[in-house]
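Work through these exercises with the model open beside you. Try each task before you read its solution.

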Amino acid sequence: MGTYQPVFMEYSILAEYNALRDQSKILQDVYVMPSAKDPLHWFGLIFLRSGYYAGAVFRFHIFIGKSFPQIDIPNIVFSPPIFHPKVDPVSGYMETRSAFGKWQVGVHHIWHLLLYIKKSLLVIENRDSVNQVAADLFTHDLAEFQTRVTECIIECKDHLNDSNQFSTDAHYLRFSSYNPNIHGTFRKAVIANAKSSGTAAAGNKSLSWVKPGSLQPCSSQD
């Protein structure tokens with residue numbers, strides 16, 4: 001059993017990471033990579049293009065329990081902490097219990113956590129808040145809430161390339177300055193692929209097996 005459990009855990013982690021490819025459309029602009037040193041620690045980045053956090057680039061971490069998949073909900077931590085009702089302003093931990101309750105093996109997956117992050121930043125909810133200041137401002141002073149969010153976006157961008165205890169990891173998600181000789185060809189290919197995909201999608205109707213407002217796969221009857 002002592003030998004079997006680590007092998008099963010590693011297989012489960014690999015399966016979770018592979019499952020992300022099947023959710024690439026709904027997880028657009030969310031990027032994760034397991035640490036090279038610890039598969040139970042994932043590095044994450046999310047880019048926001050709309051809503052109150054439009055223009056933001058946030059770093060986050062996912063910490064998975066050692067007995068995965070027989071675990072409680074993995075922890076989501078924003079670094080640095082972001083200004084949001086669901087994110088602790090000191091630790092950066094994101095509240096997840098209200099969305100998942102008890103983590104269920106075979107029902108909940110890591111991609112659900114990523115979808116939860118994205119949804120929470122696009123549609124603000126105040127219940128079970130862990131940052132009461134953010135929750136109160138969102139309810140009673142939306143203009144001030146947006147001001148604080150804008151300050152948060154600027155601060156996070158200023159610290160995107162800061163060194164920390166994780167930045168030496170080979171899989172740490174890094175940014176580099178734009179170099180047309182390196183990035184130009186890739187940029188053209190991405191734009192061409194986006195145009196091609198848009199044309200192909202015009203004649204096809206996509207089907208979703210996740211009910212709107214749900215984080216559970218295969219919940220839609222359509």
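Helices and strands here are DSSP runs, of at least four residues for a helix and at least two for a strand, numbered from the N terminus. Keep in mind that this is a predicted model.

**Exercise 1. Read the order of the elements**

Task: find how many helices and strands the chain has, and in what order they come.

Solution.
- Step 1: Count the elements. The chain has six helices and four strands.
- Step 2: Walk from the N terminus. The order is α-β-β-β-β-α-α-α-α-α.
- Step 3: Turn to burial. Of the 222 residues in the chain, 37% are buried.

**Exercise 2. Lay out the sheet**

Task: give the strand order of the sheet, and say which strands stand at its edges.

Solution.
- Step 1: Set the strands side by side. Four strands form an open sheet in the order 1-2-3-4, and the pairing is antiparallel.
- Step 2: Look at the edges. Strand 1 and strand 4 (75-78) each have a single partner strand, so each has one side without a neighbour in the sheet.
- Step 3: Check the twist. On average, neighbouring strands of this sheet are turned by 25° against each other, direction ignored.
- Step 4: Zoom in on one pair. Strand 1 and strand 2 are antiparallel partners over five bridges. M33 has F43 of strand 2 as its bridge partner.

**Exercise 3. Follow D29**

Task: describe the place, burial, backbone and salt-bridge partner of D29.

Solution.
- Step 1: Place the residue. D29 is in the loop between helix 1 and strand 1.
- Step 2: Judge burial. The cut-off for buried is under 20% relative accessible area. D29 has 12%, so D29 is buried.
- Step 3: Read the backbone. Phi of D29 is near 75°, which is positive, and D29 is not a glycine. Most residues other than glycine have a negative phi.
- Step 4: Find the partner. D29 and R49 form a salt bridge through their side chains, with 2.8 Å from N to O.
- Step 5: See what the bridge joins. D29 sits in the loop between helix 1 (4-19) and strand 1 (30-34), and R49 in the loop between strand 2 (41-47) and strand 3 (57-63), so the pair ties together parts 20 residues apart in sequence.
- Step 6: Test the partner. Exposed means over 50%. R49 has a relative accessible area of 65%, so R49 is exposed.

**Exercise 4. Look at the other salt bridges**

Task: state how many salt bridges the whole structure has, and examine the pairs K86 with E95 and R127 with D128.

Solution.
- Step 1: Take the total. The search finds five salt bridges.
- Step 2: Recall the idea. Side chains of opposite charge can pair when their charged atoms come close.
- Step 3: Inspect K86 and E95. Their closest N and O atoms are 3.1 Å apart. Both K86 and E95 are buried.
- Step 4: Inspect R127 and D128. Their salt bridge spans 4.0 Å from N to O. R127 is partly exposed at 49%, and D128 is partly exposed at 46%.
- Step 5: Widen the view. E125, R127 and D128 are linked in a network of salt bridges.
- Step 6: Add the backbone of D128. D128 lies in the loop between helix 3 (110-122) and helix 4 (132-140). Phi of D128 is near 55°, again a positive value in a residue other than glycine.

**Exercise 5. Find the cis bond**

Task: say which residues are joined by a cis peptide bond, and where P80 lies.

Solution.
- Step 1: Recall the usual case. Most peptide bonds are trans.
- Step 2: Check omega. The bond between S79 and P80 is cis, with omega about 0°.
- Step 3: Place the proline. P80 is in the loop between strand 4 and helix 2 (97-100).

**Exercise 6. Explore the largest pocket**

Task: give the volume of the largest pocket, and work out what lines it.

Solution.
- Step 1: Take the volume. The largest pocket has about 1000 Å³.
- Step 2: List the lining. There are 25 lining residues, and the closest to the centre are D29, Y31, F47, R49 and F186.
- Step 3: Assign elements. Strand 1, strand 2 and helix 6 (180-201) each give two or more residues to this lining. Helix 6 gives the most, with five residues.
- Step 4: Sort by character. The lining has 15 nonpolar, five polar and five charged residues.
- Step 5: Link back to Exercise 3. D29 and R49, close to the pocket centre, are the two partners of the 2.8 Å salt bridge.

Methods
Residues are numbered from 1 along each chain as its sequence is written. This is a predicted model: local features need pLDDT of at least 70, side-chain atom pairs count only at pLDDT 80 or more; totals for chains, interfaces and linings use all residues. Side-chain values use heavy atoms; hydrogens and water are left out. Buried means under 20% relative accessible area, exposed over 50%, partly exposed in between (1.4 Å probe, protein chains only). On a 1 Å grid over the protein atoms alone, a cavity is a set of points where a 1.4 Å probe fits but cannot get out, and a pocket is an open set with protein on both sides within 12 Å along at least five of seven lines; lining residues have an atom within 4 Å of a point. Grid points are joined across faces, edges and corners, and a volume is the space filled by probe spheres set on the points. Ala, Val, Leu, Ile, Met, Phe, Trp, Tyr, Cys and Pro count as nonpolar, Asp, Glu, Lys and Arg as charged, and the others, Gly among them, as polar. Two strands pair if DSSP finds at least two bridges between them. Axes are lines fitted to C-alpha atoms, for helices over the stretch in contact, and angles run from 0 to 180 degrees between N-to-C directions.
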